[in-house]
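The exercises below ask you to examine the surroundings of a ligand step by step. Please keep the sequence and the structure in view while you work through each solution.

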Amino acid sequence: MRVTTPQLPAEWAAYYQLRYEVLRQPWQQPPGSERAPDDDAPGTVHAVALADDGAVIGVGRLHAATATQAQVRFMAVHPAWQGKGVGGAVLTYLEKEGRQRGLAECVLHARAAAVPFYERAGYAVVAPSHTLFGSVPHFLMRKEL
Ligand SMILES: CC(C)(COP(=O)(O)OP(=O)(O)OC[C@H]1O[C@@H](n2cnc3c(N)ncnc32)[C@H](O)[C@@H]1OP(=O)(O)O)[C@@H](O)C(=O)NCCC(=O)NCCS
């Protein structure tokens, strides 16, 4: 497994497909709902974890929310690969990219079920945040980069 930024058209397609399948489809959200307006902004960093056969098994992105603060969004690992270090590798890659851009801290809105994953990576809960699709509570979390 290796983490890189998507380059081939097929990797980009698989990147958004995995984001959709893990983060939108289970809540009956329509195709296209996985996209964000700033996905194509020049400062947005995208990461894919590729299995040895080239399959996209994990995704995530980071952007600069302010001059000093990074924000991670859309972290998703294929269900068959969860709990095997893929998400951790994607997060580490994104944090390194944020650090290289001079960003001092990183924030994210974690689904309740993912809070322990981010705590393991050094994030602390700041406060409860929004509830997505009427049923998925989130928590604002933060970490020094
Ligand atoms: C949350 C998610 C991105 C984590 O990725 P992952 O590949 O499953 O996590 P990893 O295997 O890299 O886990 C890294 C560490 O966190 C721990 N961890 C991961 N998920 C955990 C959980 N739910 N509870 C407790 N610990 C957890 C692992 O045990 C591991 O610890 P270790 O380094 O001591 O072995 C992934 O499970 C996922 O896509 N979940 C569904 C979608 C989702 O919730 N996305 C996040 C939206 S905010």
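**Exercise 1: the ligand and its neighbours**

Find which residues come nearest to the ligand, and then look for its contacts with the backbone.

Solution. Begin with the shell in this predicted model: there are 21 residues around the ligand, and V77, G85, G87, G88 and R120 come nearest. Next, look at the oxygen atoms of the ligand, where one oxygen atom lies 2.7 Å from a backbone N or O atom of G85, and a polar backbone atom of G88 is likewise 2.7 Å from an oxygen atom of the ligand. For K84, a backbone N or O atom lies 3.1 Å from a ligand oxygen atom. Finally, consider the cover: of the 920 Å² of accessible area that the ligand has on its own, the protein covers 66%.

**Exercise 2: the make-up of the shell**

Determine which element gives the most residues to the shell around the ligand, and how the shell residues divide by type.

Solution. Helix 3 gives the most, with four residues. By type, the shell holds twelve nonpolar, six polar and three charged residues.

**Exercise 3: the pocket**

Work out where the ligand sits, and describe the lining of that place.

Solution. The ligand sits in the largest pocket, whose volume is about 820 Å³. Of the 34 residues that line this pocket, L23, M75, R111, A114 and Y118 are the closest to its centre. Strand 4 supplies the largest share of the lining, seven residues, and the lining as a whole divides into 21 nonpolar, nine polar and four charged residues.

Conventions: Residues are numbered from 1 along each chain as its sequence is written. This is a predicted model: local features need pLDDT of at least 70, side-chain atom pairs count only at pLDDT 80 or more; totals for chains, interfaces and linings use all residues. Side-chain values use heavy atoms; hydrogens and water are left out. A residue is near a molecule or strand if one of its heavy atoms lies within 4 Å of it. A polar contact is a pair of N or O atoms within 3.5 Å; within protein, one must be able to donate a hydrogen and the other to accept it, and residues adjacent in sequence count only if both atoms are side-chain atoms. Accessible areas come from the Shrake-Rupley method with a 1.4 Å probe; for residues, only the protein chains shown count as cover. On a 1 Å grid over the protein atoms alone, a cavity is a set of points where a 1.4 Å probe fits but cannot get out, and a pocket is an open set with protein on both sides within 12 Å along at least five of seven lines; lining residues have an atom within 4 Å of a point. A molecule sits in a cavity or pocket if more than half of its atoms lie within 2 Å of its grid points. Helices (H or I, at least four residues) and strands (E, at least two) are DSSP runs, numbered from the N terminus. Ala, Val, Leu, Ile, Met, Phe, Trp, Tyr, Cys and Pro count as nonpolar, Asp, Glu, Lys and Arg as charged, and the others, Gly among them, as polar. Grid points are joined across faces, edges and corners, and a volume is the space filled by probe spheres set on the points.
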